[in-house]
Amino acid sequence: MDFALPWPTSQGEWLAWSSAVFTVLLGLLFFLAPGLAFRALRLQVKPEKAAAIAEGRGRMSGFYLGVGLCCILLAQPLVYMALGFSWLFTAFGRLLSMMSDGANTPFNWVSIVLELVLAALPLAFAFGFLP
């Protein structure tokens with residue numbers, strides 16, 4: 001059996017693939033430079049809690065890399081659906097935080113718009129709205 005990297009063939013698949021690539025790049029940022037990634041997200045690790053860096057390298061980067069790479073390597077609509085729903089629930093969690101935790105900031109508004117776009121691209125492809 002030959003392994004070939006499936007290349008996107010339609011506009012919808014290119015858009016979904018772009019969301020997966022962004023997810024992989026975000027995962028690589030958390031994996032290789034968690035301190036920089038935390039600063040970009042306006043998070044700060046306390047010096048006495050340096051193990052928090054492991055959360056960035058492990059849990060955050062692992063999930064982003066795993067789902068994003070599966071989309072790129074397998075190019076299956078159901079895998080793109082998983083990516084889209086992951087970003088959609090990320091946006092939903094941010095919205096809940098904005099409503100209940102007092103986190104209604106410009107940074108969170110920009111982030112939620114980005115997350116909704118990253119969710120919409122693979123979901124539109126997976127559900128057949130984009131050819």
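Five helices and zero strands: that's the whole secondary structure of this chain. Keep in mind that you're looking at a predicted model. Its most eye-catching empty space is the largest pocket, which holds about 580 Å³, and α1 gives the largest share of that pocket's lining.

**Overall build**
- Starting at the N terminus, the order of elements is simply α-α-α-α-α.
- The C-alpha trace spreads over about 50 × 35 × 15 Å along its principal axes.
- Of the contacts in the chain with a separation of 6 or more, 69% link residues 24 or more positions apart.

**Inside and outside**
- The chain has 131 residues, and 34% of them are buried.
- Its accessible surface adds up to about 8100 Å², with 72% of that belonging to carbon and sulfur atoms.

**The largest pocket**
- Rolling a water-sized probe over the atoms is a handy way to see where empty space is left.
- The largest pocket has about 580 Å³ of space, and 24 residues line it.
- Closest to the centre of this pocket you'll find Leu26, Leu41, Tyr64, Arg94 and Glu115.
- Sorted by class, the lining comes out as 18 nonpolar, four polar and two charged residues.

**Who builds the lining**
- α1 (11-32), α2 (34-40), α3 (52-74), α4 (77-100) and α5 (106-126) each put at least two residues into the lining of the largest pocket.
- The biggest contributor is α1, with six residues.

Notes. Residues numbered from 1 in each chain as written. Predicted model: local features only at pLDDT ≥ 70, side-chain atom pairs only at ≥ 80, totals over all residues. Heavy atoms only, no water. 1 Å grid on protein atoms, 1.4 Å probe; cavity = no way out; pocket = protein on both sides within 12 Å on 5 of 7 lines; lining within 4 Å. Points joined across faces, edges and corners; volume = space filled by probe spheres on them. Helix = DSSP H or I, 4+ residues; strand = E, 2+ residues; numbered from the N terminus. Nonpolar A, V, L, I, M, F, W, Y, C, P; charged D, E, K, R; others polar. Buried < 20%, exposed > 50% of the residue type's maximum accessible area, 1.4 Å probe, protein only. Contact = heavy atoms within 4.5 Å. Areas by Shrake-Rupley, 256 points an atom, 1.4 Å probe, with all protein chains shown as cover.
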